[in-house]
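Here is a short report on one protein chain. Look at the structure first, then read on.

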Amino acid sequence: MTTQRGLRGASALALVALLGLAACTTKSTEATSAASVAISFDPAPHVGATTCTVKLSDDGGAPLAGADVSVRGDMNHAGMKPVLADLEEGEPGTYSAPFTFTMGGDWIVEVDGKLADGSPVKHSVDVRGVKRDESGS
């Protein structure tokens, strides 16, 4: 009887330790390079087509031209196909492409790229409350 209780106690302790480890893992929303990353959508995020724009700049605010930049949009729950877009540079340091939010709800949009000097750029942003249309309904 005490052996079963001991096993249950050890199992419960192991489960608590695993849950604690899982709770400590978070997704960074900071850039992983010296680049500052600003992401925007025009029109505002809604189900349907928009334009995703990413601006990259150095610590002094100067645009970072010549980067290779893409974005990936995922719903914050499993089961949805991600939305992928390769961005093209317009003005120096400004990258954009059409982007389509395929469903209402909360999204995570991740920027992934490589600067002209080969440095990586990674950044993510939570896009909450994507609605069915631009009017918010």
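## Aromatic rings

Rings of Phe, Tyr and Trp (its six-membered ring) count as a pair if their centres lie within 6.5 Å. By that rule, this structure holds four aromatic pairs. One of them joins Phe99 and Phe101. Their centres are 5.0 Å apart, and their planes meet at 70 degrees. Planes over 60 degrees apart count as edge-to-face, so the pair of Phe99 and Phe101 is edge-to-face.

Are these two residues buried or exposed? Phe99 is buried, and Phe101 is buried too. Both also belong to an aromatic cluster, together with Phe41 and Trp107.

## Confidence

This is a predicted model. Average pLDDT for the chain is 81. A score of at least 70 is reached by 72% of the residues.

Where does pLDDT stay under 50? It does so over residues 7-31. For that stretch, the model has 10 contacts beyond four places in sequence.

## The sheet

Seven strands form an open sheet with antiparallel pairing. Their order is 1-2-5-4-3-6-7. Which strands lie at the edges? They are strand 1 (36-42) and strand 7 (120-130). Each of these pairs on one side only. From one strand to the next, the twist averages 20 degrees.

Now take strand 3 (residues 68-75) and strand 4 (residues 83-89). They run antiparallel, and five bridges join them. Val69 has its bridge partner in strand 4: Leu87.

Note on methods
Residues are numbered from 1 along each chain as its sequence is written. This is a predicted model: local features need pLDDT of at least 70, side-chain atom pairs count only at pLDDT 80 or more; totals for chains, interfaces and linings use all residues. Side-chain values use heavy atoms; hydrogens and water are left out. pLDDT is the predictor's confidence in each residue, from 0 to 100. Contact means heavy atoms within 4.5 Å. Two strands pair if DSSP finds at least two bridges between them. Helices (H or I, at least four residues) and strands (E, at least two) are DSSP runs, numbered from the N terminus. Axes are lines fitted to C-alpha atoms, for helices over the stretch in contact, and angles run from 0 to 180 degrees between N-to-C directions. Rings of Phe, Tyr and Trp (its six-membered ring) pair if their centres lie within 6.5 Å; planes under 30 degrees apart count as stacked, over 60 as edge-to-face and the rest as tilted. Buried means under 20% relative accessible area, exposed over 50%, partly exposed in between (1.4 Å probe, protein chains only).
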